[in-house]
Every structure is written in structure tokens, then in C-alpha cells.
Amino acid sequence: MPEREDIDNILNTWPFDSLGQNVRKIDVADRSVLQMRVDMGILQLEVDNRPDGTRPHDFPTYLDYLIAQTVTETGMKLAELQCVEVDREFVQFYHRRVCWLQLKEFRLAVRDADHTLRLMDFCQMHSPSEQWTLSHEQYRPFVLYHRTQASALELLQQDGGPELAIEEINHGLDVLRQLFVDFEAEEQFDDDELVKRLSEFRESLRDRYEIGKTLQEQLAEAVADEHYELAAKLRDRLNNRDRH
């Protein structure tokens with residue numbers, strides 16, 4: 001009798017939940033993998049390097065391959081097939097980032113967000129057209145949002161975590177603001193939904209952990225008010241904290 005090729009048993013024992021978590025990490029023959037239950041099937045992702053488990057041109061990721069190509073190709077512009085492969089890697093890392101966030105593996109979510117941002121930077125430098133660049137850059141705020149959220153949640157688990165998490169959110173908001181400035185849309189910054197979510201997250205941490213202004217916020221205020229002696233003391237406290 002031929003081996004069954006359907007996945008009915010898996011689908012029936014793991015129903016899709018449109019309002020719940022549809023991600024799990026399991027051990028298979030020789031490794032751990034992620035599985036994401038989607039509406040009509042399952043995605044299986046490797047936990048390291050390319051989520052699909054391939055090695056493009058024998059490199060860990062397609063980005064690694066492209067970076068190697070720039071060594072020999074001066075002024076390289078992405079060809080049509082390369083653009084297709086770039087988009088495949090974008091989608092794969094997006095799915096895995098969402099998996100890590102659902103599983104509360106925040107360090108790994110940051111790792112995969114950083115890969116996507118590096119891939120976006122490469123595309124911006126070697127894009128075949130402005131239109132293709134914009135079609136990808138429109139997602140940069142969302143990736144930055146995920147990265148800031150994950151990094152702040154990871155910091156919450158460390159000593160002094162709440163204050164560090166607030167400072168991380170402030171840093172993420174600064175990066176986002178600069179992005180809006182670069183696209184000449186700074187007037188839209190305060191009304192952006194992702195900005196609002198990060199701001200609400202930051203203030204919820206202040207309330208929950210009873211934190212006023214962080215050391216970095218106090219330092220910025222002291223410099224703005226030209227209280228340089230106080231600023232020097234705050235800077236020393238920050239340096240001492242970061243060393244430990």
C-alpha cells in the first residue's frame with residue numbers, strides 16, 4: 001500500500017483558531033522546528049538560517065549570497081529573478097518573526113527582524129527602480145515596530161528591565177520619527193497607529209512599574225535646559241549602569 005501523502009490527521013487534531021495561538025515548536029527526527037497553523041494547512045519553518053531550510057547558492061541565506069556578489073559586481077543592481085528571491089526571503093522571515101513573537105521568544109524575534117532590516121537596506125542600495133524600493137520600504141515601520149516591541153519585552157526579563165524597556169521603546173520611536181522625516185511625512189508621525197501602540201506600551205510600563213523619567217530622559221532634559229553639571233552626573237550614572 002502506498003504511503004499516505006495527505007495531512008488530514010494533523011489538520012484534524014490541530015484545528016485552526018482564528019482568535020488564538022496557531023504556532024508551536026516541536027522536535028522532529030534530528031532537530032526542532034516551528035509549525036504555524038494557517039487556515040487551510042501548516043507551515044513548517046527551521047529555527048536557524050533560512051526558514052525553508054535551503055542554502056541559496058550554498059550560503060546560509062539569500063542576503064548572505066547577495067552580499068558576497070557585491071564583492072565582484074561593482075554598482076550591482078538586482079535582476080528580476082533576484083528580486084523574486086528577495087521577496088521569498090522577506091516572506092519567510094516575516095512568518096518566523098510572527099512565530100517567535102507568539103511563542104514569546106523575543107530575542108529570536110529581534111534577530112529575525114534585524115535580518116529583514118538588513119535585507120531592506122541592501123535592496124535600497126541595489127534596487128532596480130524607485131518603485132520597487134518603495135514597495136518594500138512601506139513595510140519598514142512595521143518591521144521596526146515588531147523589533148522595538150520584541151526588544152523591550154526581552155529587556156523586561158533582565159535586572160532593571162522596566163526602565164531599560166522604556167528607553168528601548170523611546171529609541172524605537174526616535175528611529176521611526178527619523179523615517180517619517182526622511183519621507184517628508186513628519187506631520188503624520190503622532191497619528192500613526194504603530195507609533196500610538198508603542199507610546200501606549202511605554203506608558204503602560206510606567207504605570208505598572210511606577211517609573212517616572214528614565215535616566216536617559218532625565219539626561220536629555222538636563223541637556224535641553226543647559227544644566228550641564230547635572231547632565232554630567234546623569235551621564236556617569238548611565239555609563240556605570242551600562243557597564244553592569
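**Figure 1. The order of helices and strands along the chain.** Going through the sequence of this predicted model, you meet the pattern α-β-β-β-α-α-α-α-α-α-α-α-α. That amounts to 10 helices and 3 strands. The C-alpha trace spans about 80 × 50 × 35 Å along its principal axes. Of the 244 residues in the chain, 41% are buried. If you like contact statistics, take the contacts between residues at least 6 apart in sequence: 52% of them join residues at least 24 apart.

**Figure 2. The largest nonpolar core and the helices that build it.** In soluble globular proteins, nonpolar side chains tend to be buried together. Here the largest nonpolar core holds 36 residues, and Leu66, Leu78, Val86, Cys123 and Ile169 have the most contacts inside it. Two or more residues each are given by helix 2 (62-69), helix 3 (80-102), helix 4 (106-126), helix 6 (140-155), helix 7 (161-182) and helix 8 (193-209). Helix 7 supplies the largest share, 7 residues. A second core of 14 residues is separate from this one, and Val23, Met36, Leu101 and Ala109 are among its members.

**Figure 3. A close-up of Leu78 and its contacts.** Which residues does Leu78 touch, leaving aside those up to four places away in sequence? The neighbours are Leu66, Cys83, Val86, Phe122, Cys123, His126, Pro128 and Trp132. Of these, Leu66, Val86 and Cys123 are, like Leu78 itself, listed among the residues with the most contacts inside the largest core.

**Figure 4. Helix 4 packed against helix 5.** Two packed helices are described by the angle between their axes and the distance between the axes. For helix 4 and helix 5 (residues 130-137), the axes come within 9 Å and cross at roughly 165°. Helix 4 is therefore roughly antiparallel to helix 5, and the crossing is left-handed. On the helix 4 side, look for Met120, Cys123 and Gln124; helix 5 contributes Trp132, Thr133, His136 and Glu137. Sorted by class, this contact has 3 nonpolar, 3 polar and 1 charged residues.

**Figure 5. Two loop residues with positive phi.** Neither His57 nor Lys104 is a glycine, yet each has a positive phi. For His57 the angle is about 55°, and the residue lies in the loop between strand 3 (41-46) and helix 2. For Lys104 phi is about 60°, in the loop between helix 3 and helix 4. Are these side chains buried or exposed? His57 counts as exposed because its relative accessibility is 53%, and Lys104 is exposed too, with a relative accessible area of 57%.

Methods:
Residues numbered from 1 in each chain as written. Predicted model: local features only at pLDDT ≥ 70, side-chain atom pairs only at ≥ 80, totals over all residues. Heavy atoms only, no water. Core = buried A, V, L, I, M, F, W, Y, C linked by side-chain atoms within 4.5 Å. Buried < 20%, exposed > 50% of the residue type's maximum accessible area, 1.4 Å probe, protein only. Helix = DSSP H or I, 4+ residues; strand = E, 2+ residues; numbered from the N terminus. Contact = heavy atoms within 4.5 Å. Axes fitted to C-alpha atoms, helices over the stretch in contact; angles between N-to-C directions. Parallel < 35°, antiparallel > 145°, perpendicular 65-115°, else oblique. Left-handed = near helix turned anticlockwise from the far one by under 90°. Nonpolar A, V, L, I, M, F, W, Y, C, P; charged D, E, K, R; others polar.
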